[in-house]
Amino acid sequence: MAVHEHPHRNSGFHLPNFRRDRTASGSESAVSARTGTRTAQAYAFASLRLLTGFVFLWAFLDKAFGLGYATQSGKGWIDGGSPTKGFLGGVAAGPMESTFHSWAGDTWADWLFMLGLLGIGVALIAGVALRFAAVAGTVMMALMWVAEWPPAQHLSDGSPSMSTNPFADYHLIYAVVLIALAAASAGETLGLGSIWAKLPLVRRGRWLR
């Protein structure tokens with residue numbers, strides 16, 4: 001009588017593969033952590049964008065309407081005051097001192113300065129045209145840095161300048177923040193950046209993003 005060997009049947013019972021489960025769980029955790037980090041970064045940049053935008057927009061409103069902070073009531077732009085005369089006229093150090101004095105109070109300087117504050121403030125708060133805002137804001141901050149001229153230890157009249165740092169001041173920090181916000185596309189979170197980027201004009205000119 002021939003003896004036939006029957007193949008072992010699979011009972012259908014398997015021990016759990018803990019290594020595979022741990023690997024899958026670890027991968028999901030890593031993906032979740034990366035997603036959470038990106039979301040946190042997006043909201044951090046969005047918050048920084050909104051706060052910086054408010055700084056520029058408030059400066060415009062205060063200088064335009066004399067809200068009683070940096071600009072006294074009744075001395076706003078709409079009241080006939082000049083938003084550049086006091087600052088540029090008070091420059092007392094640096095290589096462009098005489099140039100800034102000649103610009104102080106000029107109509108073109110007032111309009112350019114105020115439109116810059118308004119445009120940068122609105123762009124940042126809305127989350128649109130951040131590259132353009134970064135360029136315009138960096139130029140503005142660079143000129144204001146030169147006007148205050150932090151490297152000087154003494155003013156042109158010999159009195160102490162009270163400069164606390166020969167290079168890094170708040171104008172430089174604002175410029176770096178503007179560039180970082182544009183590079184991070186910070187307008188897509190809590191802003192209209194995604195909608196703005198889809199406009200035909202913006203698609204044709206990427207510098208408008």
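This passage describes the fold, the nonpolar cores, the surface patch and some local backbone features of a predicted model.

The overall picture is a helical one. The protein chain contains eight helices and zero strands, and its pattern along the sequence reads α-α-α-α-α-α-α-α. Of the 209 residues in the chain, 29% are buried. Contacts between residues at least 6 apart in sequence often span a good stretch of the chain: 61% of them join residues at least 24 apart. The exposed surface of the chain comes to about 13800 Å², and 64% of this area is supplied by carbon and sulfur atoms.

The interior is a good place to begin a closer look. The largest nonpolar core holds 19 residues, and Phe56, Leu117, Leu124 and Met140 have the most contacts inside it. Four elements each give two or more residues to this core, namely helix H1 (18-65), helix H4 (107-126), helix H5 (130-148) and helix H6 (170-183). A second core, separate from this one, has seven residues, among them Leu88, Val91, Ala104 and Trp145. Returning to the largest core, Phe56 is in contact with Leu117, Ile120, Gly121, Leu124, Met140, Met141 and Leu178 once its neighbours within four places in sequence are set aside. Two of the core residues with the most contacts, Leu117 and Leu124, thus appear in the list of partners of Phe56, as does Met140.

Helix H5 deserves a paragraph of its own. Its 19 residues reach 26 Å from the first C-alpha to the last, close to the 27 Å expected at 1.5 Å a residue. Buried positions occur along H5 and comprise Leu130, Ala133, Ala134, Gly137, Met140, Met141, Met144, Trp145, Val146 and Ala147. Of these, Met140 is named among the residues with the most contacts inside the largest core, while Trp145 belongs to the second core.

What follows H5 in the chain is Trp149, with a positive phi. Trp149 lies in the loop between H5 and H6, and its phi is near 45 degrees, a positive value in a residue other than glycine. Most residues other than glycine have a negative phi. Trp149 counts as partly exposed because its relative accessibility is 24%, a value between the 20% and 50% cut-offs. A comparable note applies to Leu190, which is not a glycine yet has a positive phi of about 55 degrees. Leu190 is found in the loop between H6 and helix H7 (193-197).

Leu190 also takes part in a feature of the outside of the model. Together with Tyr43, Leu50, Phe54 and Ile125, Leu190 forms a nonpolar patch on the surface, and the accessible area of these residues together is about 460 Å². H1 contributes three residues to the patch, the largest share. One patch member, Leu50, has its place in helix H1 and is partly exposed, with a relative accessible area of 30%.

A last site to visit is Thr71, in the loop between H1 and helix H2 (85-89). Despite this loop position, Thr71 is buried, because its relative accessible area is 11%, and the cut-off for burial is under 20%. Leaving out residues up to four places away in sequence, Thr71 touches Asp62, Lys63, Gly66 and Gly76.

Technical notes. Residues numbered from 1 in each chain as written. Predicted model: local features only at pLDDT ≥ 70, side-chain atom pairs only at ≥ 80, totals over all residues. Heavy atoms only, no water. Core = buried A, V, L, I, M, F, W, Y, C linked by side-chain atoms within 4.5 Å. Buried < 20%, exposed > 50% of the residue type's maximum accessible area, 1.4 Å probe, protein only. Contact = heavy atoms within 4.5 Å. Patch = residues over 30% accessible without salt bridge, like charges linked within 9 Å, V, L, I, M, F, W, Y side chains within 5 Å. Areas by Shrake-Rupley, 256 points an atom, 1.4 Å probe, with all protein chains shown as cover. Salt bridge = Lys/Arg side-chain N within 4 Å of Asp/Glu carboxyl O. Expected span 1.5 Å × (residues − 1).
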